[in-house]
Amino acid sequence: MGKKDKEKVSTSTTNTTTTHEGGSHVVPEITPVAQSPKNRNSSSKDETELLIPPINFSMVADGVYRSGFPNKKNLPFLKKIGIASVVLLCPETYSDNIEEWMSENNVQVFQVALEGNKEPFVDISEVDVSTALSHIVNTANHPILIHCNKGKHRTGCVVGCLRKIQNWSLTAIFDEYKRFAGTKGRVLDLQFIELFHSIPKMIKGQTPLWVAEHYLKLLAES
């Protein structure tokens with residue numbers, strides 16, 4: 001191997017666009033870049049940080065994302081996409097390091113602790129889901145991240161109910177839920193989504209255009 005082949009490699013980022021059911025989304029991509037000799041002794045703070053999304057991360061709609069519980073390694077990624085708010089669906093709180101990062105980056109946290117649908121006696125609260133949705137459909141909070149522990153059940157229920165106010169069919173909603181829940185899907189979650197009919201609080205001038213026209217008309221008439 002020649003001398004040039006032994007040069008250290010750092011990383012830089014470029015952007016690629018991915019397209020899915022919720023729309024197009026620019027996702028940072030890591031590209032290796034040969035490091036020049038004079039930069040070999042640069043401090044680690046000057047090097048580009050590795051961008052790692054949280055588990056089960058995906059775009060839901062313009063300005064809205066979903067995932068599992070983020071950890072310290074995910075923070076550079078969340079900063080890169082400009083997260084301004086978080087809807088935390090767990091009773092657990094963040095570690096001191098993450099809370100400090102949230103504060104330093106002015107990320108607002110809306111904690112709506114959902115119990116989760118577990119037989120026989122524990123059910124998700126429709127009122128709590130409606131509260132979570134009211135934060136999500138407020139563009140003043142965007143870009144916003146919705147997450148629970150794994151990004152499957154509670155997050156799946158909230159996103160499923162969000163799809164109803166986007167006028168998605170139940171077939172499409174259930175298909176999306178199952179893609180994230182995999183073999184761990186819960187029939188009670190699907191029943192909850194199907195029966196959910198609450199209308200979240202919406203604010204004129206701060207409601208995203210992807211909300212179904214029916215709900216926008218209700219807001220205009222209110």
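These are my notebook entries on a predicted model of a single chain.

**Entry 1: the overall layout**

I started by listing the elements, and I found 7 helices and 7 strands in the chain. Read from the N terminus, they run β-β-β-β-α-β-α-β-α-β-α-α-α-α. Next I looked up burial, and 42% of the 222 residues are buried. I also checked how contacts spread along the sequence. Of those between residues at least 6 apart, 61% join residues at least 24 apart. The accessible surface came out at about 12500 Å², with 50% of that belonging to carbon and sulfur atoms.

**Entry 2: the sheet**

In what order do the strands of the open sheet lie? I traced 5 strands in the order β3-β4-β7-β5-β6, and the pairing is mixed. The edges are β3 (58–61) and β6 (108–111); each has a single partner strand, so one side of each is left without a neighbour in the sheet. I then looked at the twist: neighbouring strands here are turned by 25° against each other on average, with direction ignored.

A reminder to myself: strands of a sheet pair through backbone hydrogen bonds, either parallel or antiparallel. I found an example of each sense at the two ends of the strand order. β3 and β4 (residues 64–67) run antiparallel and are joined by 3 bridges. In that pair, Met 59 has Tyr 65 of β4 as its bridge partner. β5 and β6, on the other hand, pair in the parallel sense over 4 bridges. There I found Val 86 opposite Val 109 in β6.

**Entry 3: the two faces of β5**

In a regular strand the side chains alternate between the two faces of the sheet. With that in mind I went through strand β5 (residues 85–88). Ser 85 and Val 87 point to one side, Val 86 and Leu 88 to the other, and all are buried. Both faces of β5 are therefore covered.

**Entry 4: Ser 67**

I picked Ser 67, which lies in strand β4. Is Ser 67 buried or exposed? Its relative accessible area is 0%, so I wrote it down as buried. Leaving out residues up to four places away in sequence, I listed what Ser 67 touches. Pro 54, Ile 55, Asn 56 and Phe 57 are among its contacts. The list also includes Leu 145, Ile 146, His 147 and Cys 148, along with Gly 151 and Thr 155. I measured nothing at the bench here, but the model puts the C-alpha atoms of Ser 67 and Ile 146 6.5 Å apart in space, although the two are 79 residues apart in sequence.

**Entry 5: the salt bridge**

Side chains of opposite charge can pair when their charged atoms come close. How many salt bridges does the structure hold? I found 1. Arg 163 forms it with Glu 176, and the closest N and O atoms are 2.8 Å apart. Arg 163 sits in helix α4 (residues 153–164) and Glu 176 in helix α5 (residues 170–181), so the pair ties together parts that are 13 residues apart in sequence. I checked burial for both partners. Arg 163 counts as buried at 1% relative accessibility, and Glu 176 is buried too, with a relative accessible area of 5%.

**Entry 6: α5 against α6**

I stayed with α5 and looked at how it meets helix α6 (residues 187–195). The two axes come within 11 Å and cross at roughly 145°. I noted the crossing as right-handed. On the α5 side, the contact is made by Leu 170, Ile 173, Phe 174, Tyr 177 and Lys 178. On the α6 side, I found Asp 189, Leu 190, Ile 193 and Glu 194.

**Entry 7: backbone oddments in the loops**

Which peptide bond did I note as cis? The one from His 142 to Pro 143, with omega near -5°. Pro 143 is found in the loop between α3 (126–136) and β7 (144–147).

I also noted two asparagines with positive phi. Asn 106 has phi near 55° and lies in the loop between α2 (96–104) and β6. Asn 167 has phi near 70° and is found in the loop between α4 and α5. I looked up accessibility for both. Asn 106 counts as exposed at 66%, and Asn 167 counts as exposed at 62%.

Note on methods
Residues are numbered from 1 along each chain as its sequence is written. This is a predicted model: local features need pLDDT of at least 70, side-chain atom pairs count only at pLDDT 80 or more; totals for chains, interfaces and linings use all residues. Side-chain values use heavy atoms; hydrogens and water are left out. Buried means under 20% relative accessible area, exposed over 50%, partly exposed in between (1.4 Å probe, protein chains only). Contact means heavy atoms within 4.5 Å. Accessible areas come from the Shrake-Rupley method with a 1.4 Å probe; for residues, only the protein chains shown count as cover. Two strands pair if DSSP finds at least two bridges between them. Axes are lines fitted to C-alpha atoms, for helices over the stretch in contact, and angles run from 0 to 180 degrees between N-to-C directions. A salt bridge is a side-chain nitrogen of Lys or Arg within 4 Å of a carboxyl oxygen of Asp or Glu. A crossing is left-handed if the near helix is turned anticlockwise from the far one by less than a right angle, and right-handed if clockwise.
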